[in-house]
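Biologist: Hi! I'm new to this one, could you walk me through it?
Modeller: Happy to, let's put it on the screen and start.

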2 protein chains.
Amino acid sequence: MFNKETEYALRGLVYIQLQNLSGRKPGVTEIAKEIDAPPFYTAKILQRMARNGFVESLKGKGGGFYFEKDKPDLPIKDLIVSTEGDKKISGCGFGLKHCDANDPCALHELYAPIRDAINTLVSTETIQSLAKKYAK
Amino acid sequence: MFNKETEYALRGLVYIQLQNLSGRKPGVTEIAKEIDAPPFYTAKILQRMARNGFVESLKGKGGGFYFEKDKPDLPIKDLIVSTEGDKKISGCGFGLKHCDANDPCALHELYAPIRDAINTLVSTETIQSLAKKYAK
DNA sequence: TTACTAAAAGACCATTTTGTCTTTTATAAT
DNA sequence: ATTATAAAAGACAAAATGGTCTTTTAGTAA
């Protein structure tokens with residue numbers, strides 16, 4: 001469904017949040033190993049996430065990545081849109097620039113509800129809600 | 001949703017079928033213009049489609065692309081899988097190699113039904129069924 | 001059978017995505 | 001203060017995707 005960068009970002013942030021629940025701030029090496037992603041690439045992606053304000057980081061001994069507790073939960077849609085835009089989750093299935101209920105492509109009638117479901121899913125689920133599923 | 005090659009192939013083949021309904025065999029130049037795709041790239045893609053047996057072609061004057069009438073309708077899933085594999089329509093939303101009902105990722109419960117709907121859609125709809133929607 | 005036409009084949013190039021690695025900077029513990 | 005640690009920054013490279021163009025081959029029509 002998503003591209004590699006998005007997948008690694010999703011898995012990485014969920015892992016970070018999961019560790020945070022145990023009071024830990026994991027580092028890049030650990031994260032990459034646990035989510036089965038290339039370490040250097042994971043580092044680059046997590047740095048982008050931090051620069052975008054999606055996650056916090058701390059340098060030096062005992063450092064790593066973490067979420068600030070007073071911040072609102074992060075819908076995965078925000079992360080997805082920031083890494084790959086919204087074409088995949090909001091675009092026309094046929095790739096048309098203009099396609100809506102008034103001027104639909106041949107796929108519209110059947111694809112639009114699916115796309116809506118995808119949008120609901122990514123808007124509703126957050127890094128935190130996903131991490132909780134693993135915590136249980 | 002899909003990559004450019006898939007989009008151009010889908011739109012191109014549907015346009016061919018639509019013209020076939022009027023007894024015409026459109027050529028690459030016309031097809032590319034009508035579906036708003038790069039002409040040379042469209043040529044390359046349609047050649048692949050022809051080589052794969054998804055569509056027939058005829059060289060020379062009056063030539064172009066067409067579907068054989070005695071052939072069964074072409075489910076768009078076949079075309080999609082041939083251009084980009086089945087990862088996007090059948091893979092785990094989290095990108096895990098192993099993810100199913102027994103060993104689900106955090107997205108599985110909510111994403112699996114959506115993925116099923118996508119699979120049903122692309123298995124059910126064919127180039128011919130889509131063309132008919134434009135014919136009306 | 002000649003001339004024209006249109007697809008086939010394949011080389012080539014550009015961009016994006018994915019991935020690697022080195023150097024620098026910030027932080028914490030001692 | 002010094003040292004060890006871990007992220008930040010950014011250059012670099014490989015692979016995949018997207019796109020262009022020229023030459024060749026096969027067919028049609030006159």
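Modeller: One term before we begin: two residues are in contact if their C-beta atoms, placed from the backbone, lie within 7 Å. Also keep in mind that this is a predicted model.
Biologist: Thanks! With that cut-off, how many residues of chain A are in contact with chain B?
Modeller: On the chain A side there are 23, in contact with 23 residues of chain B.
Biologist: Which helices of chain A supply at least two residues each to that side?
Modeller: Those are helix 1, helix 6 (108-124) and helix 7 (127-135). Helix 6 gives the most, with six residues.
Biologist: And what does that side look like by class?
Modeller: It has 15 nonpolar residues, three polar and five charged.
Biologist: Let's switch to the DNA. Which residues are the closest to DNA strand C?
Modeller: A:Asn3, A:Pro38, A:Gly60, B:Gly27 and B:Ser57 are the closest, out of 28 residues that surround the strand.
Biologist: Both chains, then! Which element gives the most to the surface near DNA strand C?
Modeller: Helix 3 of chain B, with five residues. At least two residues each also come from helix 1 (4-20) and helix 3 (39-51) of chain A, and from strand 2 (64-66) of chain B.
Biologist: What about DNA strand D, which residues are the closest there?
Modeller: For strand D they are A:Gly27, A:Ser57, B:Asn3, B:Pro38 and B:Gly60, and 28 residues surround this strand. Here helix 3 of chain A gives the most, with five residues. Strand 2 (64-66) of chain A and helix 1 (4-20) of chain B are among the other elements that give two or more.
Biologist: How do the residues near DNA strand D divide by class?
Modeller: Nine are nonpolar, ten polar and nine charged.
Biologist: Back to helix 1 of chain A. Is that helix mostly covered or mostly open?
Modeller: Mostly covered, as 14 of its 17 residues are buried. From first C-alpha to last, helix 1 of chain A reaches 24 Å, close to the 24 Å expected at 1.5 Å a residue.
Biologist: Last one: how many helices and strands does chain A have?
Modeller: Seven helices and two strands. Along the sequence the pattern reads α-α-α-β-β-α-α-α-α. Of the 136 residues in chain A, 39% are buried, and its C-alpha atoms fill a box of roughly 60 × 30 × 25 Å along the principal axes.

Note on methods. Residues are numbered from 1 along each chain as its sequence is written. Chains are lettered from A and ligands numbered from 1 in the order in which they are written. This is a predicted model: local features need pLDDT of at least 70, side-chain atom pairs count only at pLDDT 80 or more; totals for chains, interfaces and linings use all residues. A residue is near a molecule or strand if its C-beta atom, placed from the backbone, lies within 6 Å of it. Helices (H or I, at least four residues) and strands (E, at least two) are DSSP runs, numbered from the N terminus. The expected span of a helix is 1.5 Å times one less than its number of residues. A residue is buried if 20 or more other C-beta atoms lie within 10 Å of its own, exposed if 12 or fewer, and partly exposed in between; C-beta atoms are placed from the backbone. Ala, Val, Leu, Ile, Met, Phe, Trp, Tyr, Cys and Pro count as nonpolar, Asp, Glu, Lys and Arg as charged, and the others, Gly among them, as polar.
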